[in-house]
Amino acid sequence: MMKTSKITTLLLTGVITALLILSGCSLEINPAAPENNSTPASTSGGNLRVVFLDVGQGASQLIISPSGKTMLIDAGNNDKEELMLQYMEQYGITKLDTVIGTHPDADHIGGLDAVINDIPVGRIYMPKAQANTKTFESVLRAVKNAKLKVQTAKAGISWDMDDEVHVDMLAPRKSYDDSNNMSAVVKITYGRTSFLLTGDAEADSERDMLDAGTDLQADVMLVGHHGSKSSTTLAFLKRVHPKYAVIQVGADNTYGHPKSVILNRLKQQGVKVYRNDLQGTIEAESNGQKVTFRTER
């Protein structure tokens, strides 16, 4: 009798489960994980995630806080618009709390219009730097259509991404003729760990941050201007004193980025380097105590 009762119970359980599924009732099924096993924004697992998206010869960083708050810094070139939308879907991004266009160069803001047109955005920062290009106009049009107002990206702005993640904008500190030096430089701090995201900031902007006594120390540094020799001066690198560096660069690019002098400088300072052209998308994850990496390849 005991065996028959157990079998009957199992059969009834199976029938009820099947009926629930067929009727569309409240059995919750999680969506399939993205192809590279990235965790969706809504389930970030209590860690801060900084994703250096592979957009070829360009730059884009997606930041997901432990509570699921989101920030996108740059979005690659114009030909990466569809790829950026795929990344947003892959990482489960249904809203961006903050968007930052570091400066008007197409390889940084080219895909922003597509993202803003497709996904709700809370606020957007861009420096007071103009560009007479269709790319820049397209971004401004998308911002207007989304009923957003561009807030000025500059040193001294700070906010809490959530209760545990703090964001400081360290540059630009003044106006420069070169749009690269107008780049928004962002520092993100979570617990004892920090990330410095530099856009295309060059030596002039780096020097002004140094002269101002800015707290630049960071565990992870985005190498300025794709590894160009115009950025990542030795004095700046020593002040940042990173354990890890990420270079956002496209394979076989015509600029010769990253430059050997920069790679040697990083090596001499004992910095472990990750590169989009060699490893695809690079994801850094912090639990507030240490940073771990995983790469696409």
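Colleague: How many cavities of 30 Å³ or more are there?

Modeller: A cavity is a set of points on a 1 Å grid over the protein atoms alone where a 1.4 Å probe fits but cannot get out. By this rule there is 1 cavity of 30 Å³ or more. Its volume, the space filled by probe spheres set on the points (joined across faces, edges and corners), is about 40 Å³. Please note that this is a predicted model, in which local features need pLDDT of at least 70 and side-chain atom pairs pLDDT 80 or more, while totals for chains, interfaces and linings use all residues. Residues are numbered from 1 along each chain as its sequence is written, and side-chain values use heavy atoms, without hydrogens and water.

Colleague: Which residues line the largest cavity?

Modeller: Lining residues have an atom within 4 Å of a point. Among them are Ala 59, His 108, Asp 200, His 225 and His 226.

Colleague: How should one read an aromatic pair, and which residues form the cluster linked by ring pairs?

Modeller: A pair of aromatic rings is described by the distance of the centres and the angle of the planes. Rings of Phe, Tyr and Trp (its six-membered ring) pair if their centres lie within 6.5 Å; planes under 30 degrees apart are stacked, over 60 edge-to-face, and the rest tilted. The structure holds 3 such pairs. Tyr 244 and Phe 293 are tilted, at 4.8 Å centre to centre and 55° between the planes. Tyr 274 and Phe 293 are stacked, at 4.2 Å and 10°. Ring pairs thus link Tyr 244, Tyr 274 and Phe 293 into a cluster.

Colleague: Are Tyr 274 and Phe 293 buried or exposed?

Modeller: Both are buried, that is, under 20% relative accessible area with a 1.4 Å probe, protein chains only.

Definitions and conventions
On a 1 Å grid over the protein atoms alone, a cavity is a set of points where a 1.4 Å probe fits but cannot get out, and a pocket is an open set with protein on both sides within 12 Å along at least five of seven lines; lining residues have an atom within 4 Å of a point. Buried means under 20% relative accessible area, exposed over 50%, partly exposed in between (1.4 Å probe, protein chains only).
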